[in-house]
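Me: Mind going through this one with me? I'll throw questions at you, and you can talk me through the reasoning.

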There are 2 protein chains.
Amino acid sequence: MDNSIVVQPLTAAGFAPFGTVIEAPESEGESANSGTARRWRNVTQLELGACGGTSEVSIFRADPISLPYHCNRLERHPFSSQMFIPLGAHPFLVLVADGDGPAPSTERLRAFRTNGAQGVNYRRGVWHHPLLALHCTTTFVMVGRTGPGRDFELAEFAEQTSVCIRTF
Amino acid sequence: MDNSIVVQPLTAAGFAPFGTVIEAPESEGESANSGTARRWRNVTQLELGACGGTSEVSIFRADPISLPYHCNRLERHPFSSQMFIPLGAHPFLVLVADGDGPAPSTERLRAFRTNGAQGVNYRRGVWHHPLLALHCTTTFVMVGRTGPGRDFELAEFAEQTSVCIRTF
């Protein structure tokens, strides 16, 4: 079995099972600010209120990794979505996996590379890798949940099932 | 009376009366993601729940303006904060005014230029100008409020009190 996958460009359609790409949609949007701007409303849902939760905004500054990258863990937040927006024009790597069970399927892992002008919002409960900056240390705005309950699950892969992420 | 003000670089201290600069603080933060990142929690407050409100995420794409710029209006949201993060490394212009009264004081208008890796979160009720991109059309993520009530006030300045925003 070849435990490797190839990084794909991040697109709204490809990422739809996992959440939202934060970018201007292809539709026309509505006129805003006296005609000086276009606006697209409700581009994603912040799912932060479960179990008495509320919003929390953090800044993350992530060290860069290089490809190929050895993925041996994923995490998820069973109560909440989590949105990351880079500050500056910095591409980053997004690793996600299908599966609602107690552990993600490494065979259904997907790897996406952003174009430098995209953020992501992981849907509630979606398995994802912690931040993976590329090329340079990158600062991100995170909009997530704080509140009661254990809103964090970690899945670590045995060495023989870890996945090698390769460049395209 | 000289109705003109000079744009200043945006700093956390200078912007503190109006809200939060969204950037990595100067403090060390905490270790995160198995030591591969630094994290700063609760860097700003999203004030979105008043009067039955909830969060709403929009994308804005704003046309650029050039300096000097003639400021003849400000707006505010009496129920809510409003956060803007640029997608890409694009500086933009931030115009805000002191004052809790029914109209902002043009004599207390302040103009800031971001460094391209900064967002802002306007505190609830702070008078501010709609998005002002510089140099190029710029896409922004906005995290604001949707819900009951009229969460919008507009102040238009008479021509003789409008303010000229000049470059530094």
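**Pockets, copies and a strand**

Reply: Sure, starting with a pocket: the lining of the second largest pocket divides into seven nonpolar, 12 polar and eight charged residues. Keep in mind that this is a predicted model.

Me: Which element gives the most to the lining of that second largest pocket?

Reply: The pocket holds about 470 Å³ of space. Of its 27 lining residues, A:Arg39, A:Arg41, B:His77, B:Gln82 and B:Phe152 are the closest to the centre. Two or more residues each come from strands S4 (30-32) and S5 (37-44) of chain A, and from S6 (54-62), S10 (82-87) and S16 (138-146) of chain B. The top contributor, with four residues, is S16(B).

Me: And how much space lies in the largest pocket?

Reply: Its lining counts 36 residues, and those nearest the centre are A:Glu75, A:His77, A:Phe152, B:Asn33 and B:Arg39. By class, that lining has 11 nonpolar, 16 polar and nine charged residues. The space in the largest pocket comes to about 760 Å³.

Me: Which element supplies the largest share of the lining of the largest pocket?

Reply: Both chains chip in here. Chain A brings at least two residues from each of S6 (54-62), S7 (64-65), S9 (73-76), S10 (82-87) and S16 (138-146), while chain B does so from S4 (30-32) and S5 (37-44). The largest share is four residues, and it comes from S16(A).

Me: What kind of axis relates the two copies?

Reply: Chain B can be laid on chain A with an RMSD of 0.0 Å, using a turn of 180° and a shift of 0.0 Å along the axis. The copies are thus related as by a two-fold rotation axis.

Me: What percentage of the interface residues of chain B are also interface residues in chain A?

Reply: The copies meet through the same surface. That follows because the share of chain B interface residues that are also interface residues in chain A is 100%.

Me: Over to strand S11 of chain B: how many of its six residues are buried?

Reply: Take the two faces in turn. One side has B:Phe92, B:Val94 and B:Val96, the other has B:Leu93, B:Leu95 and B:Ala97, and all of these are buried. S11(B) is therefore largely enclosed by the rest of the structure, with a buried count of six of six.

Me: With which strand does S11(B) pair over five bridges?

Reply: Let's go through the partners. S11(B) is joined by two antiparallel bridges to S15 (residues 132-134) of chain B, where B:Leu93 stands opposite B:Leu132. Two bridges, again antiparallel, link S11(B) to S14 (residues 127-128) of chain B. The five-bridge pairing, also antiparallel, is with S12 (residues 109-113) of chain B.

Me: In S12(B), what is the bridge partner of B:Ala97?

Reply: B:Ala97 has a bridge partner in S14(B), and that one is B:Trp127. In S12(B), the partner of B:Ala97 is B:Leu109.

Me: Last one: is B:Thr54 buried, exposed or partly exposed?

Reply: B:Thr54 sits in strand S6 of chain B. Leaving aside neighbours within four places in sequence, B:Thr54 is in contact with B:Leu48, B:Gly144, B:Arg145 and B:Thr146. Buried means under 20% relative accessible area and exposed over 50%. With 45% relative accessibility, B:Thr54 counts as partly exposed.

Note on methods. Residues are numbered from 1 along each chain as its sequence is written. Chains are lettered from A and ligands numbered from 1 in the order in which they are written. This is a predicted model: local features need pLDDT of at least 70, side-chain atom pairs count only at pLDDT 80 or more; totals for chains, interfaces and linings use all residues. Side-chain values use heavy atoms; hydrogens and water are left out. Copies are superposed by least squares on the C-alpha atoms of residues with pLDDT of at least 70 in both. Contact means heavy atoms within 4.5 Å. On a 1 Å grid over the protein atoms alone, a cavity is a set of points where a 1.4 Å probe fits but cannot get out, and a pocket is an open set with protein on both sides within 12 Å along at least five of seven lines; lining residues have an atom within 4 Å of a point. Grid points are joined across faces, edges and corners, and a volume is the space filled by probe spheres set on the points. Ala, Val, Leu, Ile, Met, Phe, Trp, Tyr, Cys and Pro count as nonpolar, Asp, Glu, Lys and Arg as charged, and the others, Gly among them, as polar. Buried means under 20% relative accessible area, exposed over 50%, partly exposed in between (1.4 Å probe, protein chains only). Two strands pair if DSSP finds at least two bridges between them.
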